[in-house]
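Biologist: Before I trust any labels on this one, can we go through what stands behind them?
Modeller: Sure, pull it up and ask away.

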Amino acid sequence: STPVEEIPLNIESPQDIGFVFDIDGVLLKGKKRIEEATDIINYLSERKIPFILLTNGGGMTEKKRIDFINKTLQLDKYPINEDQLIQAHTPMRTLIPHHKRVLICGGPKDDVREVAESYGFEDVIRPIDIIKANPTIWPYHMFSDEQIENWGKDPSITKLDVDMVNCKENLPIDSILCFNDSRAIGAELQLILDLLNSENGVLGTRRTEKSSKPSIPIVFSNNDFLWSNEYKQPRFAMGALKIAVLTIYEKINGKKLEQLTLGKPEKVCYDYAHHILIDWRNVLLGKKSPGNLCLPKLNDAPVNSPFKKVYMVGDNPESDITGGNNYNWGTILVKTGVYQEGDFELNPEISRPSLGVFANVKEGVMAAL
Ligand code: G3P
Ligand code: MG
């Protein structure tokens, strides 16, 4: 392919164009780099062309993931800044002012507690903390004694008493935030449904009212139904847990659950990303310093965008391309991930990229430039 030095830059101001990159299947394949990604990211950074990363993945702090990406892509000269990364759960940091005591669901291990605390949530409760306080709440849990000992916070700290006699002493939980794929689906389903149907988020209580509005809000970080690993068929992801939650909630209430879902292809996620891309452009123009980017409000679209064109570069037509097309961004589909040649013939209804399908991220960005 064309060496990056020879890519013509046919735009008056490099800051008028922006790129939003998906991670898995575009920059990385599993834990390995997609080689062409290194070249093109260096090219954009050197020319101060604004770009951010937008992934439906999560489970670690933005800092840890960016360090991993910089190392894996060998971006020693122009490392990507953590401000440029939006994971599925990143926008949840906007909820902090009204959500003090939160149940954080999903795995892995205890890492998501660290993520929630890094966002500034004051009182983070994990399912394992509740099971530590009272294992009878979900007696089929699969946590080992060692995990409960090491990862579960002591009830004297969490102020959890899920015993039916003293349940009123439990401090109410303000909201349920599903950060990442569940590693304990049974336990999480039970606890989520308990809280959605509780009296104002107090564990051990049960409201009498049936409503589409849950007792406390629930937010899912993404709606991906499947993900792919080494196994030959795709595996269930958060979207599958969400279906289970919605179905059981409707069985109890006779009404559909009101909830919020973030992540691609939801507009709320693209609005958030658009704000961050605009602000990262301000950093490149010297108007802002890294670490001081805006904290966009959820569902608040930027009023004026300085970009003449923004491109979403992704490997998944259902999330990256659908979301980008709906948002009126240009879209670039690459062949290095989920999308396989022949998919459009097999599933004619899936979203098509506006700019085209390219062998890899470098080819796609070159075409856009
Ligand atoms: O939820 C699955 C995750 O691997 C998707 O990541 O970067 O392709 O949005 P990404
Ligand atoms: Mg992807």
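Biologist: Why is Asp-110 called partly exposed?
Modeller: Its relative accessible area is 21%. Buried means under 20%, exposed means over 50%, and partly exposed is what falls in between, using a 1.4 Å probe and protein chains only. So Asp-110, at 21%, gets the middle label.

Biologist: And what should I know about the model itself?
Modeller: It's a predicted model, where local features need pLDDT of at least 70, side-chain atom pairs count only at pLDDT 80 or more, and totals for chains, interfaces and linings use all residues. Residues are numbered from 1 along each chain as its sequence is written, chains are lettered from A and ligands numbered from 1 in the order in which they are written, and side-chain values use heavy atoms, with hydrogens and water left out.

Biologist: What makes Asp-110 and Arg-113 a salt bridge?
Modeller: The rule asks for a side-chain nitrogen of Lys or Arg within 4 Å of a carboxyl oxygen of Asp or Glu. Here the N to O distance is 3.2 Å, so the pair qualifies.

Biologist: Is Arg-113 buried or exposed?
Modeller: Buried, because its relative accessibility is 5%. Asp-129 is buried too, and Arg-113 forms a salt bridge with Asp-129, with the closest N and O atoms 2.8 Å apart. Arg-113 sits in helix H3 and Asp-129 in helix H4 (residues 127-133), so this pair ties together parts that are 16 residues apart in sequence. Helices here are DSSP runs of H or I with at least four residues, strands are runs of E with at least two, and both are numbered from the N terminus.

Biologist: Which residues do the shared partners join into one network?
Modeller: Asp-110, Arg-113, Arg-126 and Asp-129, through salt bridges that share partners. The structure holds 17 salt bridges.

Biologist: How do you know that Lys-64 links distant parts of the chain?
Modeller: Lys-64 bridges to Glu-114, with the closest N and O atoms 3.0 Å apart. Lys-64 lies in helix H2 (residues 62-72) and Glu-114 in helix H3 (residues 111-119), 50 residues apart. Lys-64 counts as partly exposed because its relative accessibility is 42%, and Glu-114 does so at 37%.

Biologist: What are the protein donors of the magnesium ion (ligand 2)?
Modeller: Asp-22 (OD), Asp-24 (O) and Asp-315 (OD), lying 2.0 to 2.1 Å from the ion. Donors are N, O and S atoms within 2.8 Å of the metal (3.2 Å for Na, K and Ca), so these three pass. Water is not among the atoms, so sites may look incomplete. Along the chain, the donors follow the spacing D-x1-D-x290-D. Asp-22 counts as buried because its relative accessibility is 5%, while Asp-24 is partly exposed at 40%.

Biologist: Why is Phe-236 called exposed?
Modeller: Its relative accessibility is 61%, and the label needs over 50%, so Phe-236 counts as exposed. Phe-236 lies in strand E11 (residues 235-236).

Biologist: What about Asn-197, buried or exposed?
Modeller: Buried, because its relative accessibility is 3%. Asn-197 is found in the loop between helix H7 (185-196) and strand E9 (218-220). Asn-197 and Tyr-249 are 52 residues apart in sequence and 8.3 Å apart in space, C-alpha to C-alpha.
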